[in-house]
Amino acid sequence: QVQVVESGGGLVQAGGSLRLSCAASGAIFRLDDMAWYRQTPGKQRELVASIVSNDGTNYADSVKGRFTISKENGKNTGYLQMNSLKPEDTAVYYCNVRGRLFVRPFDSWGQGTQVTVSP
């Protein structure tokens, strides 16, 4: 079983920055992909950014140029650097990680961290 814990959320004024962290633990043989999603009440969870095993990245159009995703494979840890935050970035942010345990693949989610951006 893989545990995923997000941290770094909080309250920030518009134009400010936050750095979210995602730490995966357990009998992980290899961490391949990591992604950040966000969700607001009454809306579907949406993909914010993703990074794959060869460090290729993908971003939602709404965050391109403002957010940067990265990961440290040896530490099973990843980050989402969020700059120039806007009130519309307010949401619960979730980390999703995929890879392999020693015997099978895994696909795990964290519990989420709240990001609130005030005008």
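Begin by selecting N76 in this predicted model, and display what surrounds it: apart from neighbours within four places in sequence, N76 is in contact with C22, A23, A24, I28 and L31. Widening the view along the chain, you will find N76 in the loop between β7 (67-72) and β8 (77-82). Although a loop residue, N76 counts as buried, because its relative accessibility is 17% and the cut-off for buried is under 20%.

Next, move to another loop, the one between β9 (91-101) and β10 (105-109), and select F102 there. With a relative accessibility of 60%, F102 counts as exposed, since that term applies over 50%. Adding F29 and V103 to the selection brings up a nonpolar surface patch of about 390 Å², which these two residues make together with F102.

Now turn to the interior. In soluble globular proteins, nonpolar side chains tend to be buried together. The largest nonpolar core here has 30 residues, and those touching the most other members are W36, V48, F67, L80, M82, Y93 and V97. Colouring by strand shows where the core comes from: β1 (2-7), β3 (18-26), β4 (28-39), β5 (46-51), β7, β8, β9 and β11 (113-118) each supply at least two of its residues, and the largest share, 5 residues, comes from β9.

Finish on F67, one of the core residues just listed, and show its contacts. Neighbours within four places in sequence aside, F67 is in contact with V48, L80, M82 and Y93, and also with R38, Y59, Q81, N83, L85 and D89.

Technical notes
Residues numbered from 1 in each chain as written. Predicted model: local features only at pLDDT ≥ 70, side-chain atom pairs only at ≥ 80, totals over all residues. Heavy atoms only, no water. Helix = DSSP H or I, 4+ residues; strand = E, 2+ residues; numbered from the N terminus. Buried < 20%, exposed > 50% of the residue type's maximum accessible area, 1.4 Å probe, protein only. Contact = heavy atoms within 4.5 Å. Patch = residues over 30% accessible without salt bridge, like charges linked within 9 Å, V, L, I, M, F, W, Y side chains within 5 Å. Areas by Shrake-Rupley, 256 points an atom, 1.4 Å probe, with all protein chains shown as cover. Salt bridge = Lys/Arg side-chain N within 4 Å of Asp/Glu carboxyl O. Core = buried A, V, L, I, M, F, W, Y, C linked by side-chain atoms within 4.5 Å.
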